Amino acid sequence: MLRNSLILGLVAVFALALFTIFSEYKTPETLNRTAQYYNENEVSQVGAANVVTAVVVTYRGLDTLGEVTVLFLTASVIGFILRRKKKGEPVVKADKGSEILSTASRILFPGSIILGVYVFVNGHLTPGGGFQGGAVIGTAILLIALANPEFAVSRKVLHWLESLSGVTYVIIGLLGIFLAAGFLDNRILPLGDFGHLLSAGAIPIIYSMIGIKVGAELSGIITDINQTKTNLS
Amino acid sequence: MITFNIVLLIFLSVATISGALVAVTAKKTAVAILASGAISLFASIFFLVLASPDVAMTEAAIGAGLTTFLFFVILRKTESHHAEK
Amino acid sequence: MKLSVEHIAILSGILLMAIGLWGILGRKNILKMIISFTVFDTGLNILIVALGYLPGRTAPIVDGPVTVENLSQVAVDPVPQALVLTAIVIGFGVTALMLVYALKMHEKKKTLDINEYTDLKW
Amino acid sequence: MGEKILFALISLFLTINYGFLMNGVIRKIYARVGRRHGIPFYQMYIDLIKTLALRTNIRHGTMFYLGPVFRFAGGVGLFLFTPVVFGSAMFGNLSFSGDVLLLLSFQFFGTLGMALGAGESGHPNAAIGVTRGLAQMTAVEVPFVLALMGVAIQYDSLSLHDIVAAQQGGIMHWTLFTNPFIVAAGMLALLGSFMRPPFDVVLAGQEIPIGPPTEYHSNYMALMLSNRAIFPMAKAILFMNLFFGGANTYWEMMIKTFAVVMWSVFVGVSFPRFRVEQSIRWFLRVPLILGILGIVYVQFFMS
Amino acid sequence: MVSPYYILTIGLGLAFLLGLLGKKLSKVNIAVIMLAMISFAAISASWVWQFAFGNAEESLFFSAGFEPPFSIALKLGFQEAIIAFMVNIMGLFSTLFLWKKLHKENDKLAPVLLVLFMGLNMLILTRDLFNIFVFLEITAIALGGLILLDERKHAASAGFKYLLASSLISAVYLLGAVLVYFSTGSLYIDDLILGGPVAGPMAGIAVFLTIIAIVLELKPFPANGWALDVYQGAHPAIAAIISAGVGTAMLFVLHKLMIISGPMMAQMITVAGLLTFLFSNWLGISQRDSNRLLGYSSIGQLGLIMAIIGMQDILGDQFAFIAMGILLSHFFAKAGLFWISGIVGGSKLESFAVLRSRPLLLLMFGIFLFALSAFPPFPSFYAKWDLIFALSDAKQYLFITLILFGSFFEVVYLIRWFGIVVKNTSEEVKEKLPVNITQIIPISVFAAALLFFGYYGQHFMNVPINLNYIPLIAVAALWILDFLPTWVKNTLLIVATLFYGYIILPQLHDFAFIFAIIFLLGAFLTLLFGYSYKGKRPGFYPLVAMMFAGLILLVEAKDLFSFFFAWEIMTAGSYFLILRGKKSQPHAFSYMLFSFGGALLILAGFALAHSVTGSYTFDALTMVGALSPLVFIMLAIGFLTKTAAIGLHIWLPGAHSEAESDVSPMVSGILLKAGVYGLLILFMRMGHQFVLGLDLMVVLSWVAVITSIGGYLLASVQEDMKRLLAYSSVGQLGIILFGLTLMSNLGWLLAIAGVITHFLNKTLLFQAVGGVYSRTHDRTMYRMGGLIHRMPITFIFVLIGIISMSGVPPLVGFAGKWLSFNAVLSKGYYLQGVGMVLAGAIAFLYLFRLIHVPFLGQLKDHLRKVKEASFWILLPQIIILMIIMAFSALPGVLLEPIGSAVGKIFPTGGLTWQDSFLPFGSRTAISEYGYWNGTYVMVITMIIFAVLLGFQMLIQRRNKKVGQFNIVYSAERPSTPETTHAGYHFYAHYQKAVGFLIAPLATNFWNWVSDIVQSIANQIRRIYNGNGQVYLIHLVIYFLICFFIFNGGL
């Protein structure tokens, strides 16, 4: 119990430390200069209705590329870990999901996919974007996988989707250097009419690529995990 | 000035924190997973109140949805043997 | 006590982080540790978003009452949101990886008790 | 130069004879103390002639063969490097070669050579005798050197000539009276270095080669007997020069060295024998302390 | 310049694209990755080139075309270029090293590797705080995958611990970055500088959080258990990446962030780094697992560099050089060592013994270890020198102490490891270690790089460099010519030595000249012995050359740096030489420990002296002011470890006795003089120093007396010939030291003459004993006997050697005795003088034993067929014999030149020389007290001896030698040599009398120290209990402690 009280004490001290943030916090009156700049100039510079999207895809596009990379890495590593020794082994099925789940998921599946696509295509106009859309798609796959463990998205298709979207993303980024002001500049395409689907330069394309890639990667992760034969099942 | 937002937020924070307490103290892992999923849901409402719909969506889709499911999958694959003593 | 949206959010975030840390440091079960990590991350994310919040303002999306012109007066800071967006996705990646590690470890020793994985030491 | 060599040879000849006679007298005294009749005082000459006349064909090896040569050469050398009579051209020997330090070190020349020769004899007791001798010697050395150092400090010189010169002018100028501590230390050390009782376990009767050894006999023995006549004499002369005002005439030298030797004889007849480790401990206690006292005395009370 | 975005594009694009290829094309996979890595390296190389030789300027690369802080920018300057190049080189060679592994089984991980290095590049280049977070996470996840590269037993749990820790750390970092943004409105690092130091309490917390996170990433003690487990659990090649690649990048991130930290943060980083360096190395001492050991070492090195980064204000201009020097050494050496570990496969330190089957690999292993230990000529050596000097100038004595202790502990385990690998006898190497070319190339390149930077690095030092490379080139040449047979190499080295002497001697004067003669003549004499060896003696000649190069450079040195450089070269060379002995491993080890400890003290002493006087020449020592006594003590102890003063002597007997037969005279007769030379310089420059009114010279003179008594006593109780001689060296060095401490003309004359005679005598005796050993293969004296009959010539040499050594006239040893007495008298050190006399008397004991037990007495049965030593063993002894005889007959030849050299320092109180009536310049030496003419003594003794011998031969004409047992013993005629030859426990009675004096106090003391050090280490490292959760608790505690310290308490 000594250890538990130590941990509790430690957590209390930790909370106390973080509490300094709370006590030092003063609600700002105005936006800071960066935020101000974004909110003032985003529309003219990037042309997305959703400023967050503009920040995510363009201003801080490098972060986003990194983020996609993180998912890519996770997917690769998980695939590597889970499938290394299983080469050639037949996939042993886990227990079947319930009837209701399987029926429901089958009904929901197409809708979810469409929803996901909608979310990322409209990322520059409405809340949401590539990651959210991809996650929705991933969830759809997950659901159906839970319902029907035998379900498996063709790995080949996933790879193709993932690779092509990823490479496209990178190439678009690179085009920024040649055609516009810098890496990942969305202005390689015309900004278009503000508020329309085909606007904000390359953002819809980038976000679509991200959506596809994230969706494919998440699906890959889920399938990998779901199909892992644990020693006891 | 106590607005609706504040009332909602107080309720939310109480809910989130109790959820968190459940999540870290629950005996059954499944309960903990559910609780953490609930936290994510509450958190996404938090984000909505904090004027961040993008984050809210992400949290809902990834935190509440995918992560929770993933936990369950892993749980199912390990639990059949034993749970925490 | 300062009773405003952002203060409550910050405080909740801090408390969530603390509780999460408690779980991380206190639970023996690896899965529960990972769960606690997600709680911790969620708290952190709330904290971050709250830092970008300005009272009474709305989401930085040009829509309805929010126009291109008044964006900088009525919208909150988009940057923390963008950062948290990234953080959530990365957090998911890490969580997934941890889970798979847990699976892998379980495969070997048939236990999820962190105390059992102390072969490397000193 | 030639003159000096001639004088040195004369001095050597005289002193070796004196040494033979004194050894005889000492043995006589020992016998009388032990209520025996004893030998005639000229017995040593008889021994010498007898051993010289005997021939041995035995040799255990080169070093064995050379051992007595080393030994006697050491004795003769030591004597020749020592000035016998103060201010005398004839008995100044070859002391221009080096000072008292040379004497101090040269006495080991013979010891070492002898030890090597004995070692080669293949006799196990030889080694035992040698180790005992060497071990005791290390202990004896310390008080003796302290005394020597005291003398050197006192007279600001390491040259025996200067040391003796400083002691001239009456008996009270002798080191014996000016600094009794170092003399005491020195004279106690002398007992050890003469290997007389109570420090004679080194010689240990018949079996140990530095005494009359079994493996060395006949004309080997002759060389060693001769050495036993000259080597203690040289040492006694050294002590006389250091502590007792030296000698202005050969007669004075004879008397003084006789007294020095007698000192060891008298101690020898009155005390039982020490074991080696006992004598080592003893030398590292009493004489050492005396010697240090002597040096302290010299340093703080005389200069 | 090529835009860094191309690295990003190539890395990510190819990684993504590889998914397309699928399994069928997995063979192409690795080749593509390799190409990508090559392109990374090429791009960064082009940057380095342009910065170094072109006129490139630091430039920013915006992303999305907006200026920072509104977008993320990459900054490319010279620093970035260099670090990126290093990391990419690491990537390239890691890929090459892992080629087979990735190619065969783990094609999925190849893109992960690629992305990892892409991420590291970005981590280095990016100027955005949050972007750093993203790439930190990329690094973490990529490593999380790579740790599982092969199915090592504990990789999974180690990786999991790593994930736990890095998640927590990156959460802290994220919070910090966001808080920075909140309080400054910017995430652009350079913005934060422009606005001055970030102000305000929130900003303070923010900066603290970001920086502490990076510090935690760098594994500070004690919150680093997770990292150790990863180093141990992961594949060594991955550990290499973590240590060299990721570690380098992280350090750079920290360096980058330093501009936003205040002085307090810098201090915290410094302290954290130094504690890590100290403790990590300390705990490493008890480590037995090679990879974990390397982990400890990695963490320690990273800690040191972290501290250097924290101290950059203190270090000033030299910061970059120091940091790079240590970083480069760590980078190349650690990667190389991990790779070698990967080839070896085993994880026990002993399992590396298989390297013996691959000499080249073993050589590189040594290069890496010695580069880590900061030996010349590696970059870390120069860097450490500058570091200590800079810290000393800044009066950061505590930091210096921590660094020195840390370095010492590091050397303890590194060198012990080296010893085990090279010489551990319990491990037999049966078959050749399988290696393939893709694994050898990276290791070779890194080893070569170390040597290159070793040469190149010194040009950036703060010191006027004044090194003579000719001897070192000879060393290198001998490495290359190592395939030649022994006699060729021997001849080459002898010719080279003589030639070099011909060149260098006219340039040297006084003491340097005298010592140079000893070293060169010594080299010549000891090398002659080498002709008696057959075969190739691989590795011997370069090492000998190395030691002698160090020695000769030592006397050539005119400034502190050259001196220390030579000192370390000499130490390393002699260590290797000693290590060549059959059972010498533990002894070589303790030799190294004492030498290295001494060297550290010397370094610190020099640095202290320099900080007062600002000079780099020996003059720095003359005017140190109030610190003088301290400097004096440090340097004196440093040099006394080499001369094996009592208490510091315990390494010597083993090291000198277990060395090879021709190495023993080198290290005993010659090498020890290096310490004397050091003392000489020290005493000459600093003279008398006082602590609390106590003259340190008097203290040292007592040390010297006790050393010689103790050394001789110990020598007299040895049963092993070489140990006996070794202890004898301890004693004689005591006498030499005593001479020096007298600080008078005669004293120094005594010391220098003692140096020469000791050199001659000890070389002679060790060679003679070596000759005996070459025939009997035994060193235990009592098992021998009667060898005079089998090896008469050797006997004569030993005889002359011991007579000369014991100071019996007429041989030259007496000069020492005579001088010491005179010097003592004129100085007034009477009591010490008595001690010296006692020592001299005891010397007889062991010397007689040395000649009696093996050579005299009864010949043992198993020695009946022993032959005289071979010609090449006898030849140098003949030469030495002739020199000894010449000096004995004409001591003036020896003493007068020394006297004139000494006279320049002590003009009064010297000897005067008076002509005598013998020719050949035989002159009488006259001192204040006495006089002595060696020629007379020699002539008279010879004449007497000849006359008596003639007499003996005359009367014993028919004398003949009898059979062996022709003696009478207890009325029996004995028949076995064993019962008739007393040799064992020779001075039993002596031990009974004074045995208490030789209780192994020093050994016990040092054992006690080492026990304490180890048991503390063992206790401390229990905190690493292997539980990932506990590691997290450490992290949190560490974090909290720093938090509250930094934020001024609760």
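**Chain contacts and internal packing around chain E**

Of the six pairs of chains in contact, the pair that shares the most contacts is formed by chains D and E. The structure described here is a predicted model, and this pair is a convenient place for a newcomer to begin. On one side stand 62 residues of chain E, and on the other 63 residues of chain D. Several elements of chain E give two or more residues to the side that touches chain D: the helices α32 (813-827), α33 (830-855), α36 (934-955) and α37 (988-994), together with the strands β7 (931-932) and β8 (960-961). Of these, α33(E) gives the most, with 12 residues. Sorted by class, this side of chain E has 41 nonpolar residues, 16 polar residues and five charged residues.

Strand pairing also links the two chains. Strand β1 of chain D, residues 58-59, is joined to β8(E) by two bridges, and the two strands run parallel. Within this pairing, D:Ile58 stands opposite E:Lys960 of β8(E). The strand β8(E) thus appears twice in the picture, as a partner of β1 of chain D and among the elements that give two or more residues to the side of chain E touching chain D.

Chain E also meets chain C. Here the contact takes 33 residues from chain E and 31 residues from chain C. At least two residues each are supplied to this side of chain E by α5 (129-146), α6 (155-184), α9 (225-233) and α39 (1028-1046). The helix α6(E) gives the most, with 13 residues. By class, the side of chain E that touches chain C has 17 nonpolar, 12 polar and four charged residues.

Chain D, for its part, does not touch every other chain. No contact joins chain D to chain C, and the closest C-alpha atoms of these two chains lie 53 Å apart. Chain D and chain B do not touch either, with 75 Å between their nearest C-alpha atoms.

Attention now turns to the inside of chain E. The domain assignment gives domain 1 (1-127) and domain 2 (470-938) for this chain. The C-alpha centres of the two domains of chain E lie 57 Å apart.

Chain E also holds an open sheet of three strands in the order β5-β6-β7, with antiparallel pairing. Its edge strands are β5 (912-915) and β7, each of which pairs on one side only. Four bridges join β5(E) to β6(E), residues 923-926, and these two strands run antiparallel. In this pairing, E:Asp915 stands opposite E:Arg923 of β6(E). The edge strand β7(E) is also one of the elements on the side of chain E that touches chain D.

A pair of packed helices completes this tour of chain E. Helix α25 (residues 628-643) and helix α27 (residues 663-686) of chain E pack at an angle of about 165°, with their axes 7 Å apart. Angles over 145 degrees count as roughly antiparallel, and α25(E) and α27(E) are therefore roughly antiparallel to each other. The crossing of α25(E) past α27(E) is left-handed. Among the residues that make the contact are E:Phe632, E:Leu635, E:Phe639 and E:Leu640 of α25(E), along with E:Leu672, E:Val676, E:Leu679 and E:Met686 of α27(E). By class, this helix contact has 11 nonpolar, four polar and one charged residues.

Methods: Residues are numbered from 1 along each chain as its sequence is written. Chains are lettered from A and ligands numbered from 1 in the order in which they are written. This is a predicted model: local features need pLDDT of at least 70, side-chain atom pairs count only at pLDDT 80 or more; totals for chains, interfaces and linings use all residues. Two residues are in contact if their C-beta atoms, placed from the backbone, lie within 7 Å. Ala, Val, Leu, Ile, Met, Phe, Trp, Tyr, Cys and Pro count as nonpolar, Asp, Glu, Lys and Arg as charged, and the others, Gly among them, as polar. Two strands pair if DSSP finds at least two bridges between them. Axes are lines fitted to C-alpha atoms, for helices over the stretch in contact, and angles run from 0 to 180 degrees between N-to-C directions. Angles under 35 degrees count as roughly parallel, over 145 as roughly antiparallel, 65 to 115 as roughly perpendicular and the rest as oblique. A crossing is left-handed if the near helix is turned anticlockwise from the far one by less than a right angle, and right-handed if clockwise. Domain bounds come from an automatic or database domain assignment.
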